Amino acid sequence: MQSSNLPDEANSLFWAIIGYSRWWLSTDAPFLDRIAQNEGRLEIETASNIMTNYNVARGFENRASIEFSKAIEIVNSRALCWPDNLQERYFFCERLAKEWHAISATRNLQISAATKVMWFLRPQCWTMFDSYAAKGMGVSSAEQFYAALESNGFSGAVARLTTVITNSEWPSLPATKVIDFYLMRRGSFGGAAEMSDTKAYLQAMPDTARKSLFELATDAQDELGDEFLPAIARKRRSGK
């Protein structure tokens, strides 16, 4: 497949699927498998590795401490009462971050870390908070981010994309994380270097895998387009 035959970079969902599939195979899928093998519970080592990979580990005082172990126990316990909607799930993560801080496991409130850890325990129709993704939605705070997602059709977008993915050769790819990556790219994550690496990754794949991933990304782009989850700022500028 020649570079000249690839879609334009403006096809953001197409490239989000290609780019995220790389992270899925190397990072998220193995973590989820570890949790599944542990009967759906988060182990201390796995939690620590997730935090390292997602650049939130520095917010924790000492991941070899009793406090950190207790923080992970709290996560596993609280996860049994996961709310039903995005906004309530955000407040859940906020409370979780406050509990961590109250037991001196963190230096300050680690809400972003809480949203990330909870994705690995409850990935269905949930997404992580990240400054790039928030920027992609035209907001700045975590509370604004989840409110914007809920009011602008996140759940419907997840359902539509899940249908496309399920009918592909990549059925395990989580739509929620594809959308997360899409929003991060819309928020200027990675830039030219990320795009160059993504193209190189696609070109290096075995023919069958490259063809099936290309077809999935194309089908998703055709089905959802690039305005399926409009940013708040864009809506305001357009007068909607």
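What share of the contacts in the chain with a separation of 6 or more comes from residues 24 or more positions apart? In this predicted model, the figure comes to 69%. That is a handy way into the fold, and the rest of the picture can be built up from there.

The secondary structure is simple to describe: there are 12 helices and zero strands. Read from the N terminus, the elements go α-α-α-α-α-α-α-α-α-α-α-α. With a radius of gyration of 18 Å, close to the 18 Å that the globule rule gives for 240 residues, the chain is as compact as a globular protein of that length. The C-alpha trace spans about 55 × 45 × 30 Å along its principal axes.

Next comes the split between inside and outside. Of the 240 residues in the chain, 50% are buried. The area left exposed is about 11400 Å², and carbon and sulfur atoms supply 48% of it. As for charge, the chain carries 26 positive side chains and 28 negative ones. The centres of these two sets sit 5 Å apart.

On the inside, the largest nonpolar core takes in 82 residues. Ile-17, Met-118 and Phe-145 are the ones with the most contacts inside this core. Helix 1, covering residues 12-37, gives the most to the core, putting in 11 residues. Phe-145 is worth a look of its own. Setting aside residues up to four places away in sequence, Phe-145 touches Thr-127, Met-128 and Phe-129, then Ala-133, Ala-134, Met-137 and Val-139, and also Leu-183.

Ala-71 offers another view of the interior. This residue belongs to helix 3, and its relative accessibility is 0%, so Ala-71 counts as buried. Once neighbours within four places in sequence are left out, the contacts of Ala-71 are with Trp-100, Ile-103 and Ala-105. Trp-100 is 29 residues from Ala-71 along the chain, yet the C-alpha atoms of the two are separated by 5.6 Å.

Asp-33 makes for a useful counterpoint. It lies in helix 1, the helix that gives the most to the core. Still, Asp-33 has a relative accessible area of 41% and is therefore partly exposed, since that class falls between the 20% limit for buried and the 50% limit for exposed. From Asp-33 to Thr-106 the sequence separation is 73 residues, and the C-alpha atoms are 27 Å apart in space.

Finally, the backbone has a couple of spots that deserve a second glance. Most residues other than glycine have a negative phi. Glu-39 is not a glycine, but its phi is positive, at about 60 degrees. Glu-39 sits in the loop between helix 1 and helix 2, the latter made up of residues 44-53. Its relative accessibility of 74% is over the 50% cut-off, so Glu-39 counts as exposed.

Asn-55 tells a similar story. Here phi is near 60 degrees, again a positive value in a residue other than glycine. The residue is found in the loop between helix 2 and helix 3 (66-78). At 53% relative accessible area, Asn-55 is over the 50% cut-off and therefore exposed.

Note on methods: Residues are numbered from 1 along each chain as its sequence is written. This is a predicted model: local features need pLDDT of at least 70, side-chain atom pairs count only at pLDDT 80 or more; totals for chains, interfaces and linings use all residues. Side-chain values use heavy atoms; hydrogens and water are left out. Helices (H or I, at least four residues) and strands (E, at least two) are DSSP runs, numbered from the N terminus. The radius of gyration is taken over C-alpha atoms; the globule rule is 2.2 Å times the number of residues to the power 0.38. Buried means under 20% relative accessible area, exposed over 50%, partly exposed in between (1.4 Å probe, protein chains only). Contact means heavy atoms within 4.5 Å. Accessible areas come from the Shrake-Rupley method with a 1.4 Å probe; for residues, only the protein chains shown count as cover. Lys and Arg count as positive and Asp and Glu as negative; His and the chain ends are not counted. The place of a charge is taken as NZ of Lys, CZ of Arg, CG of Asp or CD of Glu. A nonpolar core is a set of buried Ala, Val, Leu, Ile, Met, Phe, Trp, Tyr and Cys residues joined through side-chain atoms within 4.5 Å.
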